[in-house]
Amino acid sequence: MTKKIEFYYVDAFTTETFGGNPAGVIPNAENLTDEEMQKIANELNLSETAFLLPSTNANANYKIRYFTPTKEVDFCGHATLGTAWLMATKYNWIDKDDKIVFESNIGLIPVKWLMENNQLTRVSMTQVRPQVKSIDISPAVVADLVGILETDIDDRYPIKIANTGVPHLMVPVKTRQAIDQAEPNLNELKKMNNDFNISTTHLFTFDTNGQFDIYTRDFCPNIGIDEDPVTGAANGALGGYLYLENILAQQERHQLMIGQGHTINRPGILYVTITPDAENAVIEVAGAAVVSIEGKIFV
């Protein structure tokens with residue numbers, strides 16, 4: 001018997017339709033098999049599609065799973081934010097509670113509503129505690145893989161792997177122009193990321209002409225996406241990296257506005273809050289979203 005499955009496209013980290021990073025959301029996935037979820041993600045052909053299922057965890061409202069067009073991944077920031085926005089606005093969660101909690105493969109992800117004048121302006125997700133580790137790779141190799149000059153690498157900051165759920169390679173770059181002109185060798189970058197078990201390669205710079213605090217681009221061919229427009233997980237990991245590497249003053253609270261997606265005409269803005277907590281920090285990533293498409297898939 002054919003199943004009719006409700007689906008949505010939600011543009012995350014933007015207030016404009018067709019901006020930010022689009023995620024697929026399947027709010028009622030309890031009757032889908034793993035194979036069907038993967039086929040739906042492939043059909044929607046977005047960087048990630050989120051599927052909501054009942055949770056057996058008493059502290060969670062739903063279980064959430066994420067699929068790229070080619071594989072399941074443990075966490076996706078923009079799909080989490082988009083799903084939370086959809087549940088708040090289309091499914092009236094905003095009237096039920098001040099937050100929604102998802103059970104994921106990396107643990108519980110609470111997402112709270114940020115309101116102004118009784119209107120939802122952003123949702124804010126708390127990511128898992130950040131971790132940073134070294135990687136045995138030269139700046140020259142990294143520069144070649146991401147398609148910039150070695151002299152474009154900002155050697156004031158280390159190239160390291162940062163993680164707030166999944167691992168990302170943090171690549172400091174001197175200028176926004178160098179980031180915008182980057183032309184990655186996707187086949188070789190895919191191989192490197194697989195060799196080091198890295199989810200994405202994340203270029204960042206403080207050179208923003210005051211438009212943002214930080215500007216970024218994110219490449220992830222190893223999970224079936226050449227470039228992710230606006231990346232919640234990687235920018236959360238970037239916040240953790242900046243704090244743990246003492247690039248931002250420790251024991252101080254920081255709020256960063258990060259721009260991403262402009263090079264590929266999907267501009268978005270993320271708000272990353274870093275709150276000290278003993279030897280580590282709590283990372284929150286916030287943004288707005290827009291529901292751009294809704295319909296039914298026949299499975």
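A residue is termed buried under 20% relative accessible area, exposed over 50%, and partly exposed in between. The structure described here is a predicted model. On this scale Glu245, at 22% relative accessibility, counts as partly exposed. Lys160, at 18%, falls under the cut-off and therefore counts as buried. The side chains of Lys160 and Glu245 meet in a salt bridge, with an N to O distance of 3.2 Å. Lys160 belongs to strand β10 (residues 160-163), whereas Glu245 lies in the loop between α6 (232-244) and β15 (254-260), so the pair ties together parts that are 85 residues apart in sequence.

This contact is part of a wider set, as a search of the whole structure finds 13 salt bridges. Side chains of opposite charge can pair when their charged atoms come close. One of the salt bridges is formed by the side chains of Asp34 and Arg65, at 2.9 Å from N to O. Because Asp34 is located in helix α1 (residues 34-44) and Arg65 in strand β4 (residues 62-67), this pair ties together parts that are 31 residues apart in sequence. The two partners differ in their burial class: Asp34 is partly exposed at 45% relative accessibility, while Arg65 is buried at 14%. A further salt bridge is found between Glu294 and Lys90, whose closest N and O atoms are 2.8 Å apart. Here the pair links distant parts of the chain, with Glu294 in strand β18 and Lys90 in the loop between α2 (77-89) and β6 (99-104), 204 residues apart. Glu294 is partly exposed, with a relative accessible area of 49%, and Lys90 is also partly exposed, at 40%. Returning to the Lys160 pair, Glu245 is partly exposed at 22%. Apart from such pairs, Asp34, Arg65 and Glu72 are joined into one network by salt bridges that share partners.

The strands at the start of the chain were examined next. Seven of the nine residues of strand β1 (residues 4-12) are buried, and the strand is mostly covered. Strand β1 pairs with strand β18 (residues 289-298) in the antiparallel sense, over nine bridges. Within this pairing, Glu6 has Lys296 of β18 as its bridge partner. Strand β1 also runs antiparallel to strand β2 (residues 21-26), to which five bridges join it. In this second pairing, Ala12 is matched with Asn21 of β2, and Val10 stands opposite Ala23 of β2.

Strand β2 is mostly covered, with six of its six residues buried. In a regular strand the side chains alternate between the two faces of the sheet. In β2 both faces are covered, as Asn21, Ala23 and Val25 are buried on one side and Pro22, Gly24 and Ile26 on the other. Strand β2 pairs with strand β3 (residues 49-53) in the parallel sense, over three bridges. In this pairing Val25 stands opposite Ala50 of β3. Together, β2, α1 and β3 make a right-handed β-α-β unit. Helix α1 of this unit is also the element that holds Asp34 of the salt bridge to Arg65.

Helix α3 (residues 139-146) has four buried residues listed by name, namely Val142, Ala143, Leu145 and Val146. Viewed down the axis of α3, these buried residues fall within an arc of 165°, so they line one face of the helix. They pack against β11 (167-172), α5 (186-195) and β12 (200-205). The helix is followed by Gly147, which has a positive phi, near 80°.

The cysteines were also considered. A disulfide requires two cysteine sulfur atoms within 2.5 Å, and by this rule the count comes to zero disulfides. For Cys76, which is in no disulfide, the nearest cysteine sulfur is that of Cys220, 9.3 Å away. Cys220 is likewise in no disulfide, and its nearest cysteine sulfur is that of Cys76. Cys76 is buried, with a relative accessible area of 4%, and Cys220 is buried, at 1%.

Key:
Residues are numbered from 1 along each chain as its sequence is written. This is a predicted model: local features need pLDDT of at least 70, side-chain atom pairs count only at pLDDT 80 or more; totals for chains, interfaces and linings use all residues. Side-chain values use heavy atoms; hydrogens and water are left out. Buried means under 20% relative accessible area, exposed over 50%, partly exposed in between (1.4 Å probe, protein chains only). Helices (H or I, at least four residues) and strands (E, at least two) are DSSP runs, numbered from the N terminus. Two strands pair if DSSP finds at least two bridges between them. The arc is that of the directions from the helix axis to the C-beta atoms. Contact means heavy atoms within 4.5 Å. A salt bridge is a side-chain nitrogen of Lys or Arg within 4 Å of a carboxyl oxygen of Asp or Glu. A crossover is right-handed if, with the strands pointing away from the viewer, the path from the first strand over the helix to the second runs clockwise.
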